[in-house]
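Thanks for coming. I have a few minutes on one model, so please put it up on the screen and follow along.

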Amino acid sequence: SADRPAFKVADLSLAAWGRNEIRLAEQEMPGLMALRARYAASQPLKGAKIMGSLHMTVQTAVLIETLVALGADVRWVSCNIFSTQDHAAAAVAVGPNGTVDAPNGTPVFAWKGETLEEYWWCTEQALMWPDGTGPNLLLDDGGDATLLVHKGAEYEKAGAIPSFDADNEPEEWGVILDLLRAEAARNPGRWTKVLAGIRGVSEETTTGVHRLYEMQKAGTLAFPAINVNDSVTKSKFDNLYGCRHSIVDGLNRATDVMLAGKVAVVFGYGDVGKGCAHALRGQGARVVVVEIDPICALQAAMEGYQVARLEDVVETADIFITATGNKNIITVEHMGRMKDKAIIGNIGHFDNEIDMAGLKKVEGARRINIKPQYDEFVLPSGRSILILAEGRLLNLGCATGHPSFVMSASFTNQVLAQLELHQNGGSYERKVYTLPKKLDEEVARLHLEKLGVRLTELTPDQAAYIGVPVEGPYKPDHYRY
Ligand code: NAI
């Protein structure tokens with residue numbers, strides 16, 4: 001029905017372009033293609049109904065079509081209002097064998113530039129199959145799908161949906177509560193059923209994983225979760241080298257400002273911050289790191305970065321990049337003290353690292369939209385600041401996120417996690433797990449040949465001397481890489 005369309009994307013006519021880029025991406029995603037070759041015949045994901053909430057990009061298209069190739073029934077949304085690549089979404093909806101007039105691909109509900117209402121509408125759509133049932137597996141990035149099904153079921157159990165406190169709660173929470181209220185009227189009891197049908201979730205990112213551990217601690221996690229982020233072949237590659245690639249891409253596509261010589265402040269020197277600081281230094285920017293963790297601060301200093309507090313540099317720096325996964329890193333008060341035309345961007349998962357809500361409320365401030373996902377805010381002082389992607393992750397909002405090769409490593413972990421949950425989910429508790437190191441090493445191994453890497457083999461004698469099997473795993477779980 002018009003109320004529940006089979007899929008919704010911006011423009012199906014972009015599908016041919018999307019398909020060409022997907023075809024090229026497949027060449028750069030050896031891990032995913034190896035899984036297709038290994039499992040296409042045996043269809044190990046047959047019976048899996050996977051709802052995915054993860055940036056609807058070209059790379060994600062290869063992930064989706066890998067899950068389908070392994071037998072899964074998949075529905076998809078983006079996990080950010082700005083991160084969809086419309087040509088990729090169109091190609092996935094049309095499918096490798098469909099046409100624009102007769103699409104027969106994977107139902108995807110995503111377009112670049114959704115409103116918050118549309119974003120949560122999409123999530124809700126993807127969680128309901130045409131027969132009214134829900135998924136049996138979630139594949140999440142940031143935890144929004146996990147949040148919706150848990151909150152929905154929690155309020156059904158309580159018999160009431162809380163009212164929205166507009167003064168103290170983020171605008172988005174009001175949108176979620178409205179959606180749950182509308183669903184409670186249309187489909188009473190829906191979320192309890194959906195939640196009961198879910199065998200597990202695999203979670204992509206630091207922030208989503210953080211939410212899962214909080215739920216585990218509170219005893220509210222309703223199904224097992226696999227923490228994909230903390231596979232070494234995910235966070236030590238995607239978060240680091242992925243951001244090293246896409247931070248500068250996002251800055252350049254939005255602002256085209258010369259980075260060399262500028263003072264760039266990076267907040268957070270975790271995996272993402274390390275990649276960003278490295279890339280900005282590579283462009284000749286003078287990088288200042290802001291950290292709260294003495295270990296990361298010491299790492300930054302010994303890597304040669306100045307480590308300071310925001311107050312020390314707020315009036316003199318040119319570019320501010322948040323990468324903490326924390327909130328209120330850059331406040332409106334800070335913005336008021338910045339240089340004219342200072343550039344502010346966030347590469348962390350959520351937009352609350354920068355006080356965008358506060359900025360939009362500043363009396364006498366004026367917003368000039370330079371182009372999509374790039375705004376100038378003229379402050380009462382007459383000075384202005386430049387904001388990327390409205391404070392949402394700039395590499396996906398202003399550019400195309402990470403390149404295929406590094407996403408292949410991340411997504412190979414995702415597929416392995418989905419396989420494990422589908423085949424053995426019942427043997428896990430309602431806790432958060434990581435994949436075994438053996439599989440982590442396997443993911444890396446699948447990416448060596450493409451780069452012409454020749455791995456050295458241990459002799460049995462050497463293996464015995466350092467106490468590891470010849471075929472691995474080579475490191476204890478506590479090893480940090
Ligand atoms: P991480 O935990 O490795 O690093 C975050 C760092 O921020 C930590 O070292 C922490 O000490 C520091 N930090 C926390 N509060 C701070 C504060 N008030 N001031 C200064 N530093 C502070 O996390 P990771 O993996 O680097 O991820 C960071 C964020 O980026 C997360 O939200 C994650 O989900 C997201 N992410 C985004 C990607 C993208 O493509 N845009 C890719 C991967 C992760």
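Start at the loop between α14 (332-337) and β11 (342-346), where you will find Lys-341. Keep in mind throughout that this is a predicted model. What is the sign of phi at Lys-341? Phi there is positive, near 70°, and the residue is not a glycine.

Lys-341 has a wider setting, and for that I turn to a record. In UniProt, an unreviewed entry annotates residues 239-401 as "domain: S-adenosyl-L-homocysteine hydrolase NAD binding". In the model, that span is 36% helix and 23% strand. Its two end C-alpha atoms are 11 Å apart.

Next, a backbone detail elsewhere. Look in the segment after α19 (460-466), and you will come to Pro-473. The peptide bond joining Gly-472 and Pro-473 is cis, with omega at about 0°.

Now the sheet. In what order do its strands lie? Reading across, the order is β3-β2-β1-β4-β5-β6-β15. That makes an open sheet of 7 strands, and the pairing is parallel. At the edges sit β3 (108-109) and β15 (432-433), each of which pairs on one side only.

Take one pair from that sheet. Strand β5, residues 200-203, runs parallel to strand β6, residues 225-227, and 3 bridges join them. Within this pair, Val-201 of the model is opposite Ala-225 in β6.

Helices pack here too. Helix α6, residues 144-158, packs on the sheet and touches β1, β4 and β5. The direction of α6 makes about 135° with that of β4. Helix α3, residues 58-69, lies across β1 (49-53), β2 (73-77) and β4 (137-140). Against β2, helix α3 runs at about 160°.

Last topic: empty space inside the protein. How many cavities of 30 Å³ or more are there? The count is 1. The volume of the largest cavity is about 90 Å³. Which residues line the largest cavity? Going along the chain, we have Cys-79, Asn-80 and Ile-81, then Leu-116 and Tyr-119, then Asp-144 and Glu-172, then His-349, Phe-350 and Asp-351, and finally Arg-392. Sorted by class, the lining has 5 nonpolar residues, 4 charged and 2 polar.

If you want to find the cavity on the screen, begin from Asp-144, one of its lining residues. Helix α6 covers residues 144-158, which gives you a way back to the sheet it packs on. That is what I had.

Conventions. Residues numbered from 1 in each chain as written. Predicted model: local features only at pLDDT ≥ 70, side-chain atom pairs only at ≥ 80, totals over all residues. Heavy atoms only, no water. 1 Å grid on protein atoms, 1.4 Å probe; cavity = no way out; pocket = protein on both sides within 12 Å on 5 of 7 lines; lining within 4 Å. Points joined across faces, edges and corners; volume = space filled by probe spheres on them. Nonpolar A, V, L, I, M, F, W, Y, C, P; charged D, E, K, R; others polar. UniProt positions renumbered as here; feature names shortened; annotations may be inferred. Helix = DSSP H or I, 4+ residues; strand = E, 2+ residues; numbered from the N terminus. Pairing = 2+ DSSP bridges. Contact = heavy atoms within 4.5 Å. Axes fitted to C-alpha atoms, helices over the stretch in contact; angles between N-to-C directions.
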